Amino acid sequence: TVFQSTSHGMEYTHTHTHTDDNWGETTTAVTGTSELSLSQEEVVGLGKRSEDGLGQGCRRYAPLALGLCVGLLVLATPLAFLVLPAVLWPARLQACGSACEGLFLSVSCKLLILLLAVWAIFLRQARASLPRVCVYRALLAMLTLLLTISYWLFYGVRILDSQDEDYQGIVQFAVSLVDSLLFVHYLAIVLLELRQLQPCYSLCVIRSTDGETRYYNLGQLSIQRAALSLLEFYYRDFPLHNPALLSASKHRAAKHLAGLKVYTVDGGSQVGGQPRAMISAAARRRDATHNELYYEEADHDRRVRKRRARLVVAVEEAFMHVRRMQQEEQKASPGDVMDVREAALAIFPSMARALQKYLRTTRRQHCHSMDSIQRHLAFCLTHNMSPKAFLEAYLSPGPTLQYGRERWMAGQWTLVSEAAVTSGLKEDTVFSLRCLDFSLAVTVKSIPYIEMTEEYVDPKSHKFTLSLQSETSV
């Protein structure tokens, strides 16, 4: 996923490929090889996709390359401080004693630790390309460059010009630079990693089309970093966006409007330019709409249960057939053993029609292609899974990340915010993440300050006495 900088925010692009929805009616078991054919439009689009990929690659790896250059400069500076005197005026340098040699060992260990620390924090592959520069990263980079330039200026004026003969002092000067860089790296860990760990805000994310809602707690982040985290949570937690489920209500409203036909025979009176018959018919139609919706949903649930039962039976029979085949293969010769992929292709046609009808009834046929179902079937057979484990991927919608990128139904993401995207989250901050098909509306609320008090309970207050009388049965 690559974010692209725009005038309004950030976006990422990917291509969307359409698959045939009629795979269940024309499915055959293929055991040979097939050829890949491309249409003229796809051939024309290859060049454009390659250019887009090149630009995205530059934007993706440019910060990494810049950070690598700065890191090499910083790490090479202490070594240059130690090498230059030995190269330029070696005869005038004083002998390096045991204390100086100990400083050499200290510089080596600290440089190794600094190298590993820089690799762990800064030289990571970028997850996204943000529309604005991260303020703390830019501040740390400027601080590191200013520190390095200051040391170079002092080194050039006080050591190179005067050709200082105290080599132990020069080594001590290099050690102080390495110590300063380690403290800068500690500051980077505090600002970039530790500061955002404590939750400070509760963010409500609502999908505009179906109202799917999730809540997340985040720390002190800028709006663009919070948007990036929410998009990662979206692909992990939100179910796949299915526009086919939204077309049912629109079709129902259009059907009601198209079903009204009014004929004026005697040219009766009109109210507000509309015949009285149309107004009364619309009122009766509106009163009967909830009944139609009730029976329509009841009939849909009945058909879903029916299709599901047929699918479960078909899959169980197919898996039983596979078990029988495995028992027969144990008795057969080693050359007659069938591969897992071939077994999946052999049993897939027996369940394909029932699976396609169920997916069409639940309006999720576009989410699963024939190849993906066959791969999932081969995966289940390889790991000896049950029919229920195979069906779980199709009986309930999974999170967006579990599907291919061509199924995400989101071509571009754009961050829209009235406040600057580099500013931090605040109470009642509202921004949205828009794509071509829907948008995510985000509302920020501060986590309240909790005041907890203690109340002391005297242990003696829980004690009581039981008085027994001779007349009672106790």
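Student: Why is D428 called partly exposed?

Tutor: In this predicted model, D428 has a relative accessible area of 46%. Buried means under 20% and exposed means over 50%, so at 46% D428 counts as partly exposed.

Student: And where is D428 along the chain?

Tutor: D428 is in the loop between strand 7 (414-417) and strand 8 (430-434).

Student: What is the phi of D428?

Tutor: About 65°, a positive value, although D428 is not a glycine. For background, most residues other than glycine have a negative phi.

Student: What about N384: what makes that residue exposed?

Tutor: Its relative accessibility is 65%. The cut-off for exposed is over 50%, so N384 counts as exposed. N384 also has a positive phi, near 55°, and is not a glycine either. You'll find N384 in the loop between helix 10 (370-382) and helix 11 (387-395).

Student: Back to strand 7 and strand 8. How do you know that they pair?

Tutor: Count the bridges. Two strands pair if there are at least two bridges between them; strand 7 and strand 8 have four, in the antiparallel sense. For one bridge, look at T414, whose partner in strand 8 is R434.

Student: What sheet do these strands belong to, and why is strand 7 called an edge strand?

Tutor: Five strands form an open sheet in the order 4-3-9-8-7, with antiparallel pairing. Strand 4 (213-218) and strand 7 each have a single partner strand, so one side of each is left without a neighbour in the sheet, and that puts both at the edges. On average, neighbouring strands of this sheet are turned by 25° against each other, direction ignored.

Student: Switching to the surface: what makes V83 eligible for a nonpolar patch?

Tutor: Patch residues need over 30% relative accessible area. V83 has 46%, so V83 clears that cut-off, while still being partly exposed. Together, V83, V87 and L88 make a nonpolar surface patch of about 290 Å². V83 itself lies in helix 1 (residues 40-88).

Student: Which residues does UniProt list as "transmembrane region"?

Tutor: The unreviewed UniProt entry lists residues 64-91, 103-123, 135-157 and 169-192.

Student: How do you know that residues 135-157 and 169-192 are helical in the model?

Tutor: Residues 135-157 are 100% helix and 0% strand, with the end C-alpha atoms 33 Å apart. Residues 169-192 also come out at 100% helix and 0% strand, and there the end C-alpha atoms lie 35 Å apart.

Technical notes
Residues are numbered from 1 along each chain as its sequence is written. This is a predicted model: local features need pLDDT of at least 70, side-chain atom pairs count only at pLDDT 80 or more; totals for chains, interfaces and linings use all residues. Side-chain values use heavy atoms; hydrogens and water are left out. UniProt positions are given in the numbering used here, feature names are shortened, and annotations may be inferred rather than shown by experiment. Helices (H or I, at least four residues) and strands (E, at least two) are DSSP runs, numbered from the N terminus. Patches are made of residues with over 30% relative accessible area and no salt bridge: like charges are joined within 9 Å, nonpolar side chains (Val, Leu, Ile, Met, Phe, Trp, Tyr) within 5 Å. Accessible areas come from the Shrake-Rupley method with a 1.4 Å probe; for residues, only the protein chains shown count as cover. A salt bridge is a side-chain nitrogen of Lys or Arg within 4 Å of a carboxyl oxygen of Asp or Glu. Buried means under 20% relative accessible area, exposed over 50%, partly exposed in between (1.4 Å probe, protein chains only). Axes are lines fitted to C-alpha atoms, for helices over the stretch in contact, and angles run from 0 to 180 degrees between N-to-C directions.
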